[in-house]
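Work through the two exercises below with the predicted model open, and try each task before reading its solution.

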Amino acid sequence: MMMVPARRWIDLHLHSMASDGRYAPCKVMEMAAARGLSAVSLTDHDATAGLAEAEDAATQLGMEFVPGIEMEAEYGRHRLHILGYFIDATNAGLVDALAKMVVNRHARNEEIIARLRCMGVVIDYRAICKRHAGAAIGRPHIADELIRQRAVSSFQQAFSRYLGNEAPAYVPRVAPTGAEVIRIIREAGGVASLAHPGRIKTSSHLELATMVRDLRDGGLSAIEISHPDHNDATAKLAAELAARFELLTTGGSDFHTLGTAVTRGTGFAKRRVPYEWLERLRGERPVNPLRPT
Ligand code: AMP
Ligand code: MN
Ligand code: MN
Ligand code: MN
């Protein structure tokens, strides 16, 4: 009897304490291993601080590890998230871009806190920075502080009342353009994938398709299809865009934490992501004669 090899599954979208995830990178890797995953990527928002710890843990646990990142980008009136895989976290261009983002985030957080103060909610930014030392601090951390101070009763309420994109204390972040983010990722040896396209509020399919084509022309290699925010229709639309523009596909759980409103899906991907997607992605790594692999 022929033995059919067991299929292998992966998760290419995970957050840790290095950005707004709840758990330390090694703990996230333990949870991924407990799910029986063969390969994982840690993709913290605008941060690479968790990669070394995650890589060590993943390797110990027998999982393949892909150093990743999720970067925010501006595209016309839209805000995009672009995932980068196989990045070299020591690349000077990437390090420089992330350092600028830390400065921008800091200024933006102060502005959010000033707005909250105008609304009668006084919170201590230094306490937040101290509690989350080393993390890329943003709205989730401010939401957490609002809960601690009992200014709101839940994470969702913090966003609906104060911090959400349509709420009064919202301040947009200064972000590089989509083309710039893709260039930064590629120059750091990485492969870029458009995160959760189903979340982009375009006015038509044509607008989304035009955006995807433009990003592809700028060096985008893939589209995230499997994501907890995608229903069957949006996953199908994303897959069609990938096929039409000859882009590869990625997917993951966008895991942040267990058991609170931040949890997307059940924590790890509802729609399973096959290992073959990672193999194809690996083949897309830009050739850089200056950097031996
Ligand atoms: P920031 O990078 O500071 O703008 O924070 C963005 C993060 O906040 C996202 O990655 C989510 O984790 C979280 N977030 C944004 N909007 C909401 C919302 N409406 N409800 C819950 N979490 C949100
Ligand atoms: Mn997040
Ligand atoms: Mn995202
Ligand atoms: Mn994410």
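**Exercise 1.** Determine which residues surround ligand 1 most closely, and which parts of the chain supply its shell.

*Solution.* Begin with the shell itself, where 13 residues surround ligand 1 and the closest are Asp20, His45, Arg105, Arg108 and Arg139. Sorted by character, these shell residues comprise 3 nonpolar, 4 polar and 6 charged.

Next, look for polar contacts: a side-chain N or O atom of Arg108 lies 2.8 Å from an oxygen atom of ligand 1, and another such atom, in the side chain of Arg173, lies 3.5 Å from an oxygen atom of the ligand. A nitrogen atom of ligand 1 is 3.3 Å from a polar side-chain atom of Gln156. Of the 500 Å² of accessible area that ligand 1 has on its own, the protein covers 82%.

Finally, assign the shell to elements and domains. Helices H3 (92–118), H5 (139–148) and H6 (155–163) each supply at least two residues, with H6 giving the most, 3 residues. Domain 1 (9–97 + 177–282) and domain 2 (106–163) each contribute at least three residues to the shell.

**Exercise 2.** Identify the protein donors of the manganese ion (ligand 2) and locate the two histidines among them in the chain.

*Solution.* The donors are Asp20 (OD), His45 (NE2) and His256 (NE2), at 2.1 to 2.2 Å from the ion, and their spacing along the chain is D-x24-H-x210-H. His45 sits in the loop between strand E2 (39–42) and helix H2 (51–60), whereas His256 sits in the loop between strand E7 (248–251) and strand E8 (273–274), so that the pair, 211 residues apart, links distant parts of the chain. Both His45 and His256 are buried. As a last step, note that the manganese ion (ligand 3) is 6.0 Å from the manganese ion (ligand 2).

Notes. Residues are numbered from 1 along each chain as its sequence is written. Chains are lettered from A and ligands numbered from 1 in the order in which they are written. This is a predicted model: local features need pLDDT of at least 70, side-chain atom pairs count only at pLDDT 80 or more; totals for chains, interfaces and linings use all residues. Side-chain values use heavy atoms; hydrogens and water are left out. A residue is near a molecule or strand if one of its heavy atoms lies within 4 Å of it. A polar contact is a pair of N or O atoms within 3.5 Å; within protein, one must be able to donate a hydrogen and the other to accept it, and residues adjacent in sequence count only if both atoms are side-chain atoms. Accessible areas come from the Shrake-Rupley method with a 1.4 Å probe; for residues, only the protein chains shown count as cover. Helices (H or I, at least four residues) and strands (E, at least two) are DSSP runs, numbered from the N terminus. Ala, Val, Leu, Ile, Met, Phe, Trp, Tyr, Cys and Pro count as nonpolar, Asp, Glu, Lys and Arg as charged, and the others, Gly among them, as polar. Domain bounds come from an automatic or database domain assignment. Donors are N, O and S atoms within 2.8 Å of the metal (3.2 Å for Na, K and Ca); water is not among the atoms, so sites may look incomplete. Buried means under 20% relative accessible area, exposed over 50%, partly exposed in between (1.4 Å probe, protein chains only).
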